[in-house]
Amino acid sequence: MSNEATLHSQQEVMHGAHDHHDHEHHHEDSFISKYVFSMDHKMIAKQFLITGIVWAIIGAFFSVLFRLQLGFPDATFPWLESILGHWAKGGRITAEAYYALVTMHGTILVFFVLTAGLSGTFSNLLIPLQVGARDMASPFMNCLSYWFFFLASLVMMASLFVQTGPASGGWTMYPPLSALGDASIGSKIGVDLWLTSMALFVVSQLLGGLNYISTILNMRTKGMAMTKMPLTIWSFFFTAILGVLSFPVLLSGFILLLMDRHAGTSFYLSDIFIAGKALANEGGSAILYQHLFWFLGHPEVYIIILPAMGMVSEVLAVSSRKPIFGYLAMIGSLFAICILAFLVWAHHMFVTGLNPFLGAFFVLLTLLIAVPSAIKVFNWITTIWKGNINFTPASLFSIGFVSTFISGGLTGIWLGNSSIDIHLHDTMFVIAHFHIVMGVSAFFGMFAGIYHWFPKLYGRFMNSTIGYIHFWVTMVGAYLIFWPMHYEGMAGMPRRYYDVSNWASFKQFGGLNEFITIVVILVFAVQLLFVFNFFYSIFKGRKMTTLNPWHATSLEWTTPIHAGHGNWPGEIPEVYRWAYDYSKDGRDFIPQTEPIGPNEEVH
Amino acid sequence: MDTMTLEQRKKIHPHKYSLWIAMGSITMMFIGFTSAYIVKRSQANWLAFELPHIFWISTAVILTSSLTIHLALKQFKERNMQRYKQLITLTAILGVVFAVCQWIGFSQLKAMGLPLNGPVSASFIYVIVGVHMLHVLGGVIALLIMFGRAYRTRIRTYSAVPIEVAATYWHFVDILWIYLLIFLSIAR
């Protein structure tokens, strides 16, 4: 009903434009409807962002904890016992707690921060603003999307506090470990809560994704052809398509896993002995779960990275005062990545006994992803080439993104080869690869987005000095943390192990691991500085005085500084040109709303 | 309002659009299940059996309900509200009857010695049919909301969009069931 009301008021507002009604007066907002169950896409974006930040602090703190174990396996930290209780008896994290921390770190960062916090925030904020819509296609579903995410968050948070601890079978939740409560202490109620939380999360993503797609396809303002949209919108569009098509498959996998756990079915279980006793389950296949999981799991990494790519494209063009290089090639490569994302999942499963003949196809398709990725990298570099770059924190993070995307992407070529993967699978090399290419890069894209659109969110700027400190420490720190892990991985050091100092061949990395842990602590501290900057700037940041502080062409900067629900007080502006007319015809930038001149060429 | 709708520049109503994408999404979920089924079937220890016969009756029921909701939509557009209310009630009842039939199907399976925790081939039937049944019941809930709206006296709705969305969804779960039935009968 309420979404009807909003759609309705959209039409009323268009009437209202003639007699200069203030849009605000259609909604007498109470605190609850404005800040809590808000249907305004801008408020929902803030809700996603702040929830994401809270999760990011928790998830990153977990990584500090387990890095302490990896870096200093013999040391004891009595303060750990005071926060973790019996999970860190005597000041040393127990093996069970270690596995739980690793699992939760992965789950939180991949799903709650880099999926919901990243695309949830910026798709919500930017899609209506940049395509010129009053709100999403269905503001009510959008509101539901956030609250399903919130519920998922609550359940996941609750799982941290149950007596047997949260799920601890790795973020991929492979059976049989995750399917049998007796298999380990972390496979008990923790896994049920994990699956419940993730099911709610999938619902949230689907509601959000449906909205993003139908808003982009249906609610664009007059003149906003698909090929005039900023690249951010294209990337959110493909992200949403990936999510809508792959999350349901994950849900099927989870439903079967839940049945195995509680209904005694044997989808994934066969011939298992626990504590010397044979289980009745027969005929299942654990590999089946891996297929279902990675059919989502691989698109998921693009769900994480595509929004970052889109925002980086936008920020790089704005800050180097140049049109984006190869606009159509950028869209084409996003499309190619989107298609290939569904055809490469088995490269996570080269060592599961996959038919080598089949594996060869997956190798080929995986390596094909290098082509669109390289096109994008080339276009980013040529965009800033000879540009008049403003080194704002946002543009630094964008440039940092390109750097980490290259260095992390190159190691993907190693891992994508099934024969090399046999050696590198489940080693620290994999950790290094995906943290740089997906974790750090996506975070850089997110930071770029936050610094760049913070004025749009809160009408104030973030502090740039802290921003520069944040960037340089994070950039250098990220390489110092993850680069050495490549060497550890090539030497065969396995991931997920609680303590590798028992092996003579990995003992040599003791000093290196200590070093990594110290850098992790430093980088974590700087992220807290960022969080401080974020919250401080919401209330005390330098105020925005002009509508368009970055001199950008796109539509979001034509709205008032504190835009109400409905975004534009009058009519929605009409669009005449693409979003990248920078340094054209002797002008620094030409907004999208300016008609094409008589002697002007359309791009 | 007509001119305004033009200015909105929407070719299809966004809710209908969202529905089409949602149907794609639900389809992906069942593709997930059925491809898992195919993968599993090619492995050892696959037990083949006849589907319970009541599934054919439930097919007839859901096909009829598709017809009734189609007629309901027609009656709504002609503003025969009395007939419309009767027809959506009938559709909702048929939806519940369908779910009951599926449930009876489950007990027949059990009686055949194929419980949920029995052979994997049977477990798949329970899960696939069960999840589909939930989607039909979701449609029933949507119809109940429509029903409530039709009885409101204070606010009257003239927009056919909600009932069109519901009808499209209803046909979708119908077609989905026919696909599943054919799939489960052939790929045994």
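Here is a short tour of this predicted model, with selections to make as you go.

**Stop one: chain B**

Select residues 16-188 of chain B. An unreviewed UniProt entry annotates this stretch as "domain: Heme-copper oxidase subunit III family profile". Colour these residues by secondary structure and you will find 80% helix and 0% strand. The C-alpha atoms at the two ends of the stretch are 36 Å apart.

**Stop two: where the chains touch**

Now show both chains together. Here 37 residues of chain A are in contact with 31 residues of chain B. Which elements of chain A give two or more residues to the side that touches chain B? Highlight α1 (2-16), α7 (189-218), α8 (231-262) and α9 (286-320) of chain A to see them. Linger on α8(A), which gives the most to this side, with 10 residues. If you colour the chain A side by class, it divides into 19 nonpolar, 15 polar and 3 charged residues.

**Stop three: a helix pair in chain A**

Next, hide chain B and select residues 41-71 of chain A, helix α3, along with residues 510-540 of chain A, helix α18. Their axes lie 9 Å apart and the helices pack at an angle of about 165 degrees, so α3(A) is roughly antiparallel to α18(A). The crossing of α3(A) past α18(A) is left-handed.

Zoom in on the side chains for the last view. From α3(A), the contributors include A:I53, A:I57, A:V64 and A:R67. Facing them, α18(A) offers residues including A:E514, A:V520, A:F524 and A:F534. By class, this contact has 12 nonpolar, 5 polar and 2 charged residues.

Key: Residues are numbered from 1 along each chain as its sequence is written. Chains are lettered from A and ligands numbered from 1 in the order in which they are written. This is a predicted model: local features need pLDDT of at least 70, side-chain atom pairs count only at pLDDT 80 or more; totals for chains, interfaces and linings use all residues. UniProt positions are given in the numbering used here, feature names are shortened, and annotations may be inferred rather than shown by experiment. Helices (H or I, at least four residues) and strands (E, at least two) are DSSP runs, numbered from the N terminus. Two residues are in contact if their C-beta atoms, placed from the backbone, lie within 7 Å. Ala, Val, Leu, Ile, Met, Phe, Trp, Tyr, Cys and Pro count as nonpolar, Asp, Glu, Lys and Arg as charged, and the others, Gly among them, as polar. Axes are lines fitted to C-alpha atoms, for helices over the stretch in contact, and angles run from 0 to 180 degrees between N-to-C directions. Angles under 35 degrees count as roughly parallel, over 145 as roughly antiparallel, 65 to 115 as roughly perpendicular and the rest as oblique. A crossing is left-handed if the near helix is turned anticlockwise from the far one by less than a right angle, and right-handed if clockwise.
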